[in-house]
Amino acid sequence: MILSPSMLSSDFANMETELKALEAAGLSWVHLDVMDGMFVPNITFGPPIIKAMRAKSKLFFDCHLMINDPGRYIGDFADAGADLICVHAEACTHLERVCAQIVEAGAKPAVALNPHTPPEAIRYLLPQLYMVLIMSVNPGFGGQKFIPFCLDKVRDLKAMIDRAGADTLIQIDGGVTLDNARELTEAGVDVLVSGSAFFKHPPYGERHKAFQDACK
Ligand code: DX5
Ligand code: ZN
């Protein structure tokens, strides 16, 4: 299990300190939520902030773009230091082309699905995807409640990946807690994103271990 803490719930005025604390706590991934106020009703940060973070951290930058028509900005996010770029299926008219752009830019390609979007939407793209993100809340804000039907969706996606003989990772994002971490990993989740259930409970080393223990 990989835990990818969502910086959306971190202290934005002290990002360098937060990033260093994650590294000291043994984390290897960090989840960066980019919001444009159009695809989702909230605005966060973009490439310049990610570039500034990149200069202070060696963590794997897992960039979740909640923006319309993300193909316009793939080069900017890759140049800023994104290791993985995840775009929403619902935000791309030509999703296959955007995934190819991500690879071309030197980052790992991933696609996110809103709660109501069936895994079927990415079936034919699976062999070229490093990861699929299943949103388990309607994106835009941290601290929301997990939507229960998303557990079945993880199982459906896992079966689809196995049938295709692909090694695509499954990530889940939204309402992940110590209480549901285990059933999620048992259902096939490889990467848990956690915002509020992680950052609101320092010290981070202990919280990281608590998530690992919860999945055993
Ligand atoms: C929501 C974001 C999430 C968010 C998760 O739109 O994509 O990454 O930070 O926060 P929690 O874990 O608090 O639900
Ligand atoms: Zn996210």
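The largest pocket in this predicted model has a volume of about 240 Å³. On the definition: with a 1 Å grid over the protein atoms alone, a pocket is an open set of points where a 1.4 Å probe fits, with protein on both sides within 12 Å along at least five of seven lines, and lining residues have an atom within 4 Å of a point. Grid points are joined across faces, edges and corners, and the volume is the space filled by probe spheres set on the points.

The lining has 24 residues, and G142, G143, D173, G174 and G175 are the closest to the pocket centre. Elements giving two or more residues to this lining are β2 (29–35), β8 (191–194) and α7 (196–199); helices (H or I, at least four residues) and strands (E, at least two) are DSSP runs, numbered from the N terminus. By class, the lining divides into ten nonpolar, twelve polar and two charged residues. Here Ala, Val, Leu, Ile, Met, Phe, Trp, Tyr, Cys and Pro are nonpolar, Asp, Glu, Lys and Arg are charged, and the others, Gly among them, are polar.

Some conventions. This is a predicted model, where local features need pLDDT of at least 70, side-chain atom pairs count only at pLDDT 80 or more, and totals for chains, interfaces and linings use all residues. Residues are numbered from 1 along each chain as its sequence is written, chains are lettered from A and ligands numbered from 1 in the order in which they are written, and side-chain values use heavy atoms, with hydrogens and water left out.

Next, the metal. Which protein atoms are the donors of the zinc ion (ligand 2)? They are H31 (NE2), D33 (OD), H64 (ND1) and D173 (OD), lying 2.0 to 2.3 Å from the ion. Donors are N, O and S atoms within 2.8 Å of the metal (3.2 Å for Na, K and Ca), and water is not among the atoms, so sites may look incomplete. Along the chain the spacing is H-x1-D-x30-H-x108-D. H31 in strand β2 and D173 in strand β7 (residues 169–173) are 142 residues apart, so this pair links distant parts of the chain.

Why is the arrangement octahedral? Because the six donor atoms around the zinc ion subtend angles of 71 to 170°, and six count as octahedral if opposite donors are over 155 degrees apart and all others between 65 and 115.

The protein donors are buried (under 20% relative accessible area, with a 1.4 Å probe and protein chains only): H31 at 0%, D33 in strand β2 at 4%, H64 in strand β3 (residues 60–66) at 1%, and D173 at 9%.

Finally, the record. An unreviewed UniProt entry places "active site" at D33 and D173; such annotations may be inferred rather than shown by experiment, and positions are in the numbering used here, with feature names shortened. Both D33 and D173 are in the lining of the largest pocket. The entry's "binding site" annotation covers H31, D33, H64 and D173. These span 143 residues in sequence, yet no two of their C-alpha atoms are more than 10.6 Å apart, so they gather at one spot.

Notes
Tetrahedral: all angles 85-135°; square planar, octahedral: opposite > 155°, others 65-115°. Buried < 20%, exposed > 50% of the residue type's maximum accessible area, 1.4 Å probe, protein only.
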